[in-house]
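The following note concerns the model shown below. Its points address the strands, the nucleic acid surfaces and the nonpolar core in turn.

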Protein chains: 2
Amino acid sequence: MNENNPNDIIQQFRVASRKYSDASIFMHEAIARKAGLTGSDHKYLGLILQHDQLTAGDISKLTGLTGGAVTGLIDRLEKKKLLKRQFTKDDRRKVIIIPNMENSMKLLQPIFSELQRKTTDLLATFSEKEIQIIKRYFTEATVIMNETTNNLNNK
Amino acid sequence: MNENNPNDIIQQFRVASRKYSDASIFMHEAIARKAGLTGSDHKYLGLILQHDQLTAGDISKLTGLTGGAVTGLIDRLEKKKLLKRQFTKDDRRKVIIIPNMENSMKLLQPIFSELQRKTTDLLATFSEKEIQIIKRYFTEATVIMNETTNNLNNK
DNA sequence: TTTATTTATTTTAGCAACTGAAATATTTAG
DNA sequence: CTAAATATTTCAGTTGCTAAAATAAATAAA
């Protein structure tokens with residue numbers, strides 16, 4: 001039962017990993033509140049900001065929200081000038097959503113800045129090699145989680 | 001601008017870290033849906049299960065929910081037999097909540113099992129020393145996120 | 001004591017965001 | 001040129017939230 005038993009190490013790792021997830025969810029919501037957004041809107045805005053532009057339908061697929069919910073989401077974010085609707089001659093049924101990165105950054109960056117400074121300091125305590133190791137874990141765990149999500153949703 | 005530039009490595013790390021967070025949030029919700037819970041109820045159940053017992057008030061502090069919302073949360077989880085209310089002679093205003101770990105596991109474990117197998121396999125591709133490095137990152141990043149959350153909420 | 005204050009939970013009224021379905025508008029296919 | 005398909009919005013109903021009032025019990029004060 002000493003702490004170098006591989007099973008104990010993995011068990012401790014899982015505990016640390018779960019606490020990390022819990023903490024990141026709560027922080028995400030605290031940031032949202034501070035920015036005057038709901039946790040949901042903040043989460044989906046983060047996804048939308050990763051694209052140059054996308055349609056309402058794309059957002060529906062990306063988020064899993066129904067069409068009606070997407071309309072509401074876009075309404076709220078547009079009112080806050082964090083994105084805008086753009087109508088196109090190409091296919092006039094579609095609505096192209098253009099994220100406003102500048103306004104979004106202006107809103108979120110000040111809230112993030114302390115966090116970003118602290119994580120930069122934390123990363124400085126790891127070697128480049130160690131950072132690569134952690135990055136590999138993140139990347140491969142992300143693949144696994146996305147697979148799991150797809151399996152759960154499509155059956 | 002080669003990929004060994006430290007700033008690039010950190011930038012790539014941040015991207016991987018954000019994708020990991022996004023994936024974990026979506027998976028968490030997919031698991032919840034599969035288990036017949038809302039994302040919220042699943043999240044809070046996870047917190048409650050980390051305790052042997054706690055009061056309604058404790059849950060309110062733990063989750064940040066108001067009293068009324070906690071009553072609703074307990075009602076829904078009690079109806080699903082994932083916890084129970086227990087009244088005590090000691091202080092009859094209080095309601096002690098006893099999580100039902102067995103039923104919760106019976107509900108969630110089958111959904112988790114594939115994920116757990118895959119992450120075990122993933123961890124097997126890292127040395128003990130590497131796992132300790134990742135664990136340290138998780139642990140210290142968790143402290144930073146909790147600090148950030150507290151700072152945001154208390155002012 | 002017995003009364004007032006504090007503490008713990010539940011109930012209530014109102015609100016915000018979601019779903020599923022119907023409505024609207026436009027494009028594509030027959 | 002009509003029918004079917006596609007993209008978004010609107011609508012009605014539901015759920016879970018907040019804030020405040022109600023209820024109940026414990027503690028402190030007179």
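1. Strand E3 of chain B, residues 95–99, is mostly covered, with 4 of its 5 residues buried. Buried here denotes under 20% relative accessible area, against over 50% for exposed and partly exposed in between, with a 1.4 Å probe and protein chains only. Strands (E, at least two residues) and helices (H or I, at least four residues) are DSSP runs numbered from the N terminus.

2. The model is predicted: local features need pLDDT of at least 70 and side-chain atom pairs count only at pLDDT 80 or more, whereas totals for chains, interfaces and linings use all residues, and side-chain values use heavy atoms, with hydrogens and water left out. Residues are numbered from 1 along each chain as its sequence is written, while chains are lettered from A and ligands numbered from 1 in the order in which they are written.

3. In chain B, strand E1 (residues 54–55) is joined to E3(B) by 2 bridges and runs antiparallel to it; Leu54(B) has Ile97(B) as its bridge partner. Strand E2 (residues 83–87) of chain B also pairs with E3(B) in the antiparallel sense, over 5 bridges, and Arg85(B) stands opposite Ile97(B). Pairing requires that DSSP find at least two bridges between the strands.

4. Turning to chain A, 5 of the 5 residues of strand E3 (residues 95–99) are buried. Val95(A), Ile97(A) and Pro99(A) point one way from this strand, and Ile96(A) and Ile98(A) the other way. Strand E1 (residues 54–55) of chain A is antiparallel to E3(A), with 2 bridges, and Leu54(A) is opposite Ile97(A). Strand E2 (residues 83–87) of chain A is antiparallel to E3(A) over 5 bridges, with Gln86(A) partnered by Ile96(A).

5. Which residues come nearest to DNA strand C? Of the 19 residues around this strand, they are Thr66(A), Arg93(A), Gly57(B), Arg85(B) and Arg93(B); to count as near, a residue must have a heavy atom within 4 Å. Sugar or phosphate accounts for 75% of the atoms of DNA strand C within 4 Å of the protein, and bases for the rest. By class, the surface has 3 nonpolar, 9 polar and 7 charged residues. Nonpolar covers Ala, Val, Leu, Ile, Met, Phe, Trp, Tyr, Cys and Pro, charged covers Asp, Glu, Lys and Arg, and polar the others, Gly among them.

6. A polar side-chain atom of Arg93(B) lies 2.7 Å from a base oxygen of DNA strand C. Phosphate oxygens of that strand lie 3.2 Å from a polar side-chain atom of Arg76(A) and 3.1 Å from a side-chain N or O atom of Thr71(B).

7. For DNA strand D, the nearest of the 19 surrounding residues are Gly57(A), Thr71(A), Arg85(A), Arg93(A) and Thr66(B). Backbone N or O atoms lie at these distances from a phosphate oxygen of DNA strand D: 3.3 Å for Ala56(A), 2.6 Å for Gly57(A) and 3.0 Å for Val95(A).

8. The largest nonpolar core has 84 residues, and those with the most contacts inside it are Tyr137(A), Phe138(A), Tyr137(B) and Phe138(B). Such a core is a set of buried Ala, Val, Leu, Ile, Met, Phe, Trp, Tyr and Cys residues joined through side-chain atoms within 4.5 Å. Leaving aside neighbours within four places in sequence, Phe138(A) is in contact (heavy atoms within 4.5 Å) with residues including Tyr20(A), Phe13(B), Tyr137(B) and Phe138(B).

Notes
Polar contact = N/O pair within 3.5 Å; in protein donor to acceptor, adjacent residues only side chain to side chain.
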